[in-house]
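I opened this entry to record what I looked up and in which order. I wanted the overall make-up, then the sheets, then one residue up close.

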Amino acid sequence: MQSPFALKPSLLAASLLLLALIPLAHVQANTTAVSGTINKIGAGTTFDTWHIHMLNAGSFNIDLLGYEANAAGATADLNGDGELTFLDPETNFYKDTGNPLAAADFLARCDDVNNNCSAVNNATIKLTDSYTSTGNSIGSADGSLHKRDPSFTVTLAAGDYLYLVADYRLTPTEAVSGINGGDAFSSPSGFVNPVTDHADYSITLSSATMNIATNGQNITVSSVPLPAAVWLFASALAGFGLFGRKKTGLIA
Ligand SMILES: [Ca+2]
Ligand SMILES: [Ca+2]
Ligand SMILES: [Ca+2]
C-alpha cells in the first residue's frame, strides 16, 4: 500500500536538485531589484512577464527605471552599462490562471508617474501612485529622471499574478499576441544616433510589511519570512503544477 506521503521518483529527484541549488538561486529581502531588456524586433518590441506569487494579501512598492533622460532631454547612463537606452515603461497586471494570457484576465495598467495608476481600486488590486503634492515620494529613489518611469504601491489579494513590462503602449490584444505590435523606442527629441534595438530597465521592489523573494522571473511576496528551503521548494512545486490554482475569477 502506497504511503500518502510518497513522491513520484522523478519529482523527488527534481526536488532534491532544486534544494541543492538553493544557495545559488535564492534572494530574499524587503527591498530588492530585478532587471531586464526589451528588444526591437521586426514587428514591434518584446515585453517581459514577471510572475508574482502573493502568499498573503498585502502591499509593496514597485519603482521602474527605464528612461535614461529627463524631460528636458538631459541624459544619464543610469544603469552604468556604457550606453543610453530609452524605455518608456508601460506595465500591466493580469491574473495568472496557469493558462496562456487572456485579455479577460487583465487587471490594471500603470504607465507614468501621476498618470493612471490611482484609478484602480477593487477587492483584487489597488494601485496608489507615489506622486504627492510634495513630490514623487518613491519614484526617483532608483535614479529615475523622467516621469515616464512609473512608481506606485500595489495592494494585491493572495494569489498568482502576471506583471508585464513593455514599452508604451501594450494593449491586451498585443499582450495576448506576444508582441508589442508596431512599437519603437522613443529617444529625447533631437537626440543624435540613439540606441533603438533594445532598452534596459530595472524594477525596485520594496515593502515595510512584506517579504519579497525573487528567483528568475518569479517574485514571491509573503507577510512572514520563510526559511530559504521553503521559498524555493514552494516555487518548485508551483512550477510542477502541484499547488491547486484557483480557476475562478478573483474579482467579485
Ligand atoms: Ca544605460
Ligand atoms: Ca523610478
Ligand atoms: Ca511610461
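My notes below run from the whole chain to single residues.

**Overall make-up.** I was working with a predicted model. I began with the secondary structure: the protein has four helices and 16 strands. Next I looked up burial. Of the 252 residues, 36% count as buried. Then I turned to contacts with a separation of 6 or more. Residues 24 or more positions apart account for 72% of them.

**The seven-stranded sheet.** I traced an open sheet of seven strands, and its pairing is antiparallel. I wrote the order down as E8-E11-E5-E14-E2-E3-E13. Which strands are the edge strands? I found E8 (125-129) and E13 (180-181), each of which pairs on one side only. I followed the E8 edge inward. E8 pairs with E11 (residues 151-156) in the antiparallel sense, over five bridges. For a register mark I took Lys-126, whose bridge partner in E11 is Thr-155.

**The nonpolar core.** I looked up the largest nonpolar core and got 43 residues. Tyr-161, Tyr-163 and Leu-164 have the most contacts inside it. Which strand gives this core its largest share? Strand E12 (residues 159-167) does, with six residues. I then listed the partners of Tyr-161, leaving aside neighbours within four places in sequence. Among them are Ile-52, Met-54, Phe-93, Tyr-94 and Leu-156. Lys-95 and Asp-96 are also on that list.

**Strands E4, E15 and E16.** I moved on to E16 (residues 218-222). Is this strand mostly covered or mostly open? Mostly covered: four of its five residues are buried. I checked its pairing next. E4 (residues 48-54) pairs with E16 in the parallel sense over four bridges. There His-53 stands opposite Thr-220. E15 pairs with E16 in the antiparallel sense over five bridges. Here I noted Thr-214 opposite Ile-219. E15 and E16 form a hairpin with two residues between the strands. In this hairpin Gly-216 takes a positive phi near 65 degrees.

**Ile-212.** I finished on one residue of E15 (residues 211-215), Ile-212. Why does Ile-212 count as buried? I counted 21 other C-beta atoms within 10 Å of Ile-212, and the cut-off is 20 or more, so Ile-212 is buried. I also looked up its distance to Thr-32. The two residues are 180 residues apart along the chain, yet their C-alpha atoms are separated by 7.4 Å.

Conventions:
Residues numbered from 1 in each chain as written. Chains lettered and ligands numbered in written order. Predicted model: local features only at pLDDT ≥ 70, side-chain atom pairs only at ≥ 80, totals over all residues. Buried ≥ 20, exposed ≤ 12 C-beta atoms within 10 Å, placed from the backbone. Pairing = 2+ DSSP bridges. Contact = placed C-beta atoms within 7 Å. Core = buried A, V, L, I, M, F, W, Y, C linked by C-beta atoms within 7 Å.
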